[in-house]
Amino acid sequence: MQFDSFSDFIAMGGYGFYVWLSFGTCALILLGILFSSLRDKKQILASVEQQIARETRIKNSKQEQTT
């Protein structure tokens, strides 16, 4: 499909509102998924660091008890 002008492209043959609304909705959903994933990654890494620190403290405590 070829358009005569930029405004015809935006109008999309009278269906522009629905076309651009669907593109916008899709973009918002994808951005939401991206930010959610980044936040979850940050939380998981913090949890892993806490677990490693906890295991290190337990290991050091056991070593101190045996000596």
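**Surface, shape and ring pairs of a predicted chain**

Colleague: What share of the exposed area of the protein chain do carbon and sulfur atoms supply?

Modeller: This is a predicted model, in which local features need pLDDT of at least 70 and side-chain atom pairs count only at pLDDT 80 or more, while totals for chains, interfaces and linings use all residues. Residues are numbered from 1 along each chain as its sequence is written, and side-chain values use heavy atoms, with hydrogens and water left out. By the Shrake-Rupley method with a 1.4 Å probe, where for residues only the protein chains shown count as cover, the protein chain exposes about 6,300 Å². The share supplied by carbon and sulfur atoms is 64%.

Colleague: What is the radius of gyration of the protein chain?

Modeller: Counting DSSP runs (helices are H or I of at least four residues, strands E of at least two, numbered from the N terminus), the protein chain has two helices and zero strands. The globule rule, 2.2 Å times the number of residues to the power 0.38, with the radius taken over C-alpha atoms, gives 11 Å for 67 residues, and the protein chain is more spread out than a compact globule because its radius of gyration is well over that, at 27 Å.

Colleague: Which ring forms an edge-to-face pair with Phe-9 at 5.6 Å between centres?

Modeller: Rings of Phe, Tyr and Trp (its six-membered ring) pair if their centres lie within 6.5 Å, with planes under 30 degrees apart counted as stacked, over 60 as edge-to-face and the rest as tilted, and by this rule there are five aromatic pairs. One of them is Phe-3 with Phe-9, edge-to-face at 5.4 Å centre to centre and 75° between the planes. The other ring in question has its plane at 70° to that of Phe-9, and so this pair too is edge-to-face, the partner being Trp-20.

Colleague: How many residues apart are Phe-9 and Trp-20?

Modeller: The pair links distant parts of the chain, since Phe-9 belongs to helix H1 (residues 6-11) and Trp-20 to helix H2 (residues 16-66). Their separation is 11 residues.

Colleague: Is Met-12 buried or exposed?

Modeller: Met-12 is found in the loop between H1 and H2, and its phi is near 50°, a positive value in a residue other than glycine. Most residues other than glycine have a negative phi. Buried means under 20% relative accessible area, exposed over 50% and partly exposed in between (1.4 Å probe, protein chains only), so at 19% Met-12 counts as buried.
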